[in-house]
Amino acid sequence: MTDDSQRNFRSVYYEKVGFRGVEEKKSLEILLKDDRLDIEKLCTFSQRFPLPSLYRALVWKVLLGILPPHHESHARVMAYRKEQYSDVLHALDVIRFVSDATPQVEVFLYMHRLESGKLPRSPSFPLPKAFEQYLNLEDSRLLSHLKACSAVSRLPYDLWFKRCFAGCLPEPSLQRVWDKVVSGSCKILVFVAVEILLTFKIKVMALNSAEKITKFLENIPQDSSDAIVSKAIDLWHKHCGTPVHSA
């Protein structure tokens, strides 16, 4: 039996007995043992599988460029990053963009904008057009209802595409979405938004005003979040393909 067939056999076995993530975790641990971390392979892994919580913070920091690929530099660079964080936060406080009352999510957004030179406003996101396109493919009748209610332009796009569902989804579900975003696939946000509409189609179709629809979508029930994310990932793979490991 070849190495690949052995791995496939073990994966099927682990999934049947309820340990689906065992092989994936082992693969990630092997990647993380390299003296110089392979960014491309970490990106591909993050797009194909949910990251184990034990390694999520490290992988995110490396993929976002907060930490360099070389292990020996991590402690020194992290100390520098903490100083950088304090300096940026102080600058925002001085120019009165944030205060003690500013929600943490907004503080982080302003810090990113300041670092990237995009204060006071970042460019508008092109994702709403993609959202409308894929919703039309999945359920044109639902999109027609939104248009009839003049709700398409009033959907909570900031919550979905600027805050990346922070404040909308509970943390465990949010982490699975951000695994894909951090590894470079922002389009997953579109499919989460589409799946939210599909999941709550009956409720949304029963609402007859843009205000009511938007208010509901800003405060969706939390108990369906994990299923929404799983289905959104399936939709993402359906329309965009499944990432494969590079050789």
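# A tour of an all-helix chain

Select aspartate 226 to begin: at a relative accessible area of 43%, this residue is partly exposed (20% to 50%; under 20% is buried and over 50% exposed, with a 1.4 Å probe and protein chains only). This is a predicted model, in which local features need pLDDT of at least 70 and side-chain atom pairs count only at pLDDT 80 or more, while totals for chains, interfaces and linings use all residues. Residues are numbered from 1 along each chain as its sequence is written, and side-chain values use heavy atoms, with hydrogens and water left out.

**Stop 1: the partner of aspartate 226.** Add arginine 176, which forms a salt bridge with aspartate 226, the closest N and O atoms being 2.6 Å apart (a side-chain nitrogen of Lys or Arg within 4 Å of a carboxyl oxygen of Asp or Glu). Arginine 176 is in helix 10 and aspartate 226 in helix 14, so this pair links distant parts of the chain, 50 residues apart (helices are DSSP runs of H or I of at least four residues, strands E runs of at least two, numbered from the N terminus). Arginine 176 counts as buried, at 18% relative accessibility.

**Stop 2: the whole chain.** Zoom out and colour by secondary structure: there are 14 helices and zero strands. Of the 247 residues, 40% are buried. The accessible surface is about 14600 Å², with 53% belonging to carbon and sulfur atoms (Shrake-Rupley method, 1.4 Å probe; for residues, only the protein chains shown count as cover).

**Stop 3: lysine 180.** Stay in helix 10, residues 171–182, and select lysine 180. What is the nearest side chain of opposite charge to this buried lysine? It is aspartate 179, 5.6 Å away, and lysine 180 has no salt bridge (Lys and Arg count as positive, Asp and Glu as negative; His and the chain ends are not counted). A polar atom of the lysine 180 side chain lies 3.5 Å from the backbone oxygen of phenylalanine 49. Beyond four places in sequence, lysine 180 touches residues including Ser46, Gln47, Pro50, Ile233 and Trp236 (contact means heavy atoms within 4.5 Å).

**Stop 4: helix 3.** Next select residues 39–48, where the buried residues are Leu42, Cys43, Thr44, Phe45, Ser46 and Gln47. These pack against helix 2 (22–32), helix 4 (53–63), helix 10 and helix 14 (225–240). At the N-terminal end, aspartate 38 acts as a cap, with a side-chain oxygen 3.1 Å from the backbone nitrogen of glutamate 40.

**Stop 5: glutamate 24.** Move to helix 2, where glutamate 24 sits. At 18% relative accessibility, glutamate 24 is buried. Leaving aside neighbours within four places in sequence, glutamate 24 is in contact with Phe45 and Phe49.

**Stop 6: two further salt bridges.** Select glutamate 106 and arginine 163, which form a salt bridge with closest N and O atoms 3.0 Å apart. Glutamate 106 is in helix 6 (residues 104–115) and arginine 163 in the loop between helix 9 (157–162) and helix 10, so the pair ties together parts 57 residues apart in sequence. Then select aspartate 158 and lysine 162, a salt bridge at 3.9 Å between the closest N and O atoms. These two are four residues apart in helix 9, or about one helical turn. The count for the model is seven salt bridges.

**Stop 7: cysteines.** Finish at cysteine 164, which is buried at 16% relative accessibility. Why is there no bond from its sulfur to the closest cysteine sulfur? The sulfur in cysteine 186 is 6.6 Å away, too far for a bond. The model has zero disulfides (pairs of cysteine sulfur atoms within 2.5 Å).

Conventions:
Polar contact = N/O pair within 3.5 Å; in protein donor to acceptor, adjacent residues only side chain to side chain.
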